[in-house]
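Subject: Structure handover

Hello,

Here is the structure I promised to pass on. Please open it alongside this message.

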Amino acid sequence: MKALEASLTDKSSDRHVLYATLIIGVAAVVMLIFQLLGKFSGRGQHQGAFSWIEIAAEISVVVAIGWAGPLALREMDKRRQSSLLAMRARTQVETLFKMTDMLQSALVYSDANAVLRATAAKLLPGLGGALYVFNNSGDRLELSTAWCWPDESAPADAIAPAQCWALKRGKTHINLPGPDALRCQHHKEDTVLEIPMMARGEVYGLLVIQSGGDNAEAALLTAAPLAGALGDAMSLALSNIALREKLRTQALRDPLTGLYNRRYMEDVLDRYANLAERNESTLSVVMFDLDHFKRLNDEHGHALGDTVLSEVAASVMGAIRPCDVACRYGGEEFVVLLPDCSMAEGIAKAEVLRARIERLSENHGARISASFGVATIPDTSSKVADVLADADAALYRAKGDGRNRVMSAPHRVIRSIPKPSSAAA
């Protein structure tokens, strides 16, 4: 409606200027004609009439200029303001294009956060902001970055999706102060604009823009289009980063159990072995295999077998340290790397894992157990290739002795080189 009124006003001003231009043109032509008549034919008895006609033409010119001049000046000012707005919009678009280009090179969330802060400082000066990203489990949003936020109302460290109206509605939401306003539970009395970050039909995070003062609501409404453009660009960046992390995880982890795969374990084993040799510390390797797993699949189905593998992985992860590495070696065989762990400690840890796996039998009405083999650098093995083979040999001895037990590799014999005698010297 306002745009229509402005358009009609502009058309009316244009008509007024056009009429004034015509009046000035006609008056100028009349004045020129009478001047020519007076010069070539002589005014004579028509001298008085010619003078009054010229005076009337001059008066009409003055009136036309006085009538249309302010309109023309006002129109010129509008055109200038429109040009400034167009230049500002062009600058904003160029900034957004640069942001999108930079975000294509963002490999991790910290890179995307830096680009967002720099762009927001240019496009939304004087406004605070925060970016929330879903955690790995997807049950809450964690604060990824924040900028220009007042100290007295710092953004929350985490947000539950059920507490946010923007996420529940899937639309932009403004939190206004006052008892009658519809506000999210995670915000205080500040005025904020919340934009859900959506891409490819999924929600990846939440962009929050904050404003203070008496004109906070008006400032946020004015900034809403630019904030929405920032949110769209960041949504695609977060989607690409999440996809990259997913592909990286799939390359390193077993899809069924979530444990690391064999290739990653072998790389880590080399690093741990080199570190143990440099620090003169120990490295224990626990290898175990589920007993009669093929019979479990045949009698109870592969669905139960997959469930058992997943629960075994969870049991292992619940019993090891953050520095330990557990992997699915292949099929129903697993390997656990225990850095800075002696032979005795490795055997004790294997016994804990054996007991935890055996307790899974109570959940499924089927016998579930595992056989373990333990080897340690430098107690039983001297090289990386040997420690896996020694743990595997101990595992098969455990199976041969009746299964559901822990066996260790034999200690290696370190032969000392005799010193030459003085007589021989």
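Below are my notes on the sheets, the helices packed on them and the nonpolar cores.

Please keep in mind that this is a predicted model.

**The mixed sheet**

One open sheet has 5 strands in the order 8-9-7-10-11. Its pairing is mixed. Strand 8 (325–330) and strand 11 (406–408) are the edge strands. Each has a single partner strand, so one side of each is left without a neighbour in the sheet. On average, neighbouring strands here are turned by 20° against each other, direction ignored.

Strand 7 (residues 283–290) pairs with strand 10 (residues 370–377) in the antiparallel sense, over 8 bridges. Two of the facing pairs are Val286 with Val374 and Val285 with Ala375. Strand 10 also pairs with strand 11, here in the parallel sense and over 3 bridges. In that pairing, Gly373 of strand 10 stands opposite Met407.

How enclosed is strand 10? 8 of its 8 residues are buried, so strand 10 is largely enclosed by the rest of the structure. In a regular strand, side chains alternate between the two faces of the sheet. Both faces are covered in strand 10. Ala370, Phe372, Val374 and Thr376 are buried on one side. Ser371, Gly373, Ala375 and Ile377 are buried on the other.

**Helix 11**

Which helix packs on this sheet and touches strand 7, strand 8, strand 9, strand 10 and strand 11? That is helix 11 (residues 384–400). Its direction makes about 150° with that of strand 10.

Helix 11 has 17 residues. From first C-alpha to last it reaches 25 Å, close to the 24 Å expected at 1.5 Å a residue. Its buried residues are Val387, Leu388, Ala391, Ala394, Leu395, Ala398 and Lys399. Seen down the helix axis, they fall within an arc of 145°, so they line one face of helix 11. Their packing partners are helix 6 (262–279) and strands 7, 8, 9, 10 and 11. The face turned away from the buried side carries the exposed residues Ala385, Tyr396 and Gly400. Just after the helix, Gly402 takes a positive phi of about 125°.

**The antiparallel sheet**

Another open sheet has 6 strands, in the order 3-2-1-6-5-4. Pairing here is antiparallel. Strand 3 (158–159) and strand 4 (173–175) stand at the edges. Each has a single partner strand, so one side of each lacks a neighbour in the sheet.

Strand 5 (residues 191–199) and strand 6 (residues 202–211) pair over 9 bridges. Val192 stands opposite Gln210 in strand 6. Thr191 has Ser211 as its bridge partner in strand 6. The hairpin of these two strands has 2 residues between the strands, and Arg200 takes a positive phi near 55° there.

Strand 4 joins strand 5 through 3 bridges, running antiparallel. Val192 appears again in this pairing, with Asn175 opposite. 8 of the 9 residues of strand 5 are buried, so strand 5 is largely enclosed by the rest of the structure.

Two helices to look at on this sheet follow.

- Helix 3 (residues 109–123) packs on the sheet and touches strand 1 (128–134), strand 2 (141–147) and strand 6. Its direction makes about 40° with that of strand 2.
- Helix 5 (residues 216–252) packs on the sheet and touches strand 1, strand 4, strand 5 and strand 6. Its direction makes about 30° with that of strand 5.

**Nonpolar cores**

The largest nonpolar core has 31 residues. Those with the most contacts inside it are Met99, Leu103, Leu124, Leu207, Ile209, Leu230 and Met234. The elements giving two or more residues to this core are helix 2 (47–103), helix 3, strand 1, strand 5, strand 6 and helix 5. Which of them gives the most? Helix 5 does, with 10 residues.

Leu230 is a good residue to click on. Leaving aside neighbours within four places in sequence, Leu230 is in contact with Leu96, Met99, Thr119, Ala120, Leu123, Leu124 and Leu207.

There is also a second, separate core of 30 residues. Leu290, Leu296, Ala313 and Ala319 are among them.

Best wishes

How values were computed:
Residues numbered from 1 in each chain as written. Predicted model: local features only at pLDDT ≥ 70, side-chain atom pairs only at ≥ 80, totals over all residues. Heavy atoms only, no water. Pairing = 2+ DSSP bridges. Helix = DSSP H or I, 4+ residues; strand = E, 2+ residues; numbered from the N terminus. Axes fitted to C-alpha atoms, helices over the stretch in contact; angles between N-to-C directions. Contact = heavy atoms within 4.5 Å. Expected span 1.5 Å × (residues − 1). Buried < 20%, exposed > 50% of the residue type's maximum accessible area, 1.4 Å probe, protein only. Arc of directions from axis to C-beta. Core = buried A, V, L, I, M, F, W, Y, C linked by side-chain atoms within 4.5 Å.
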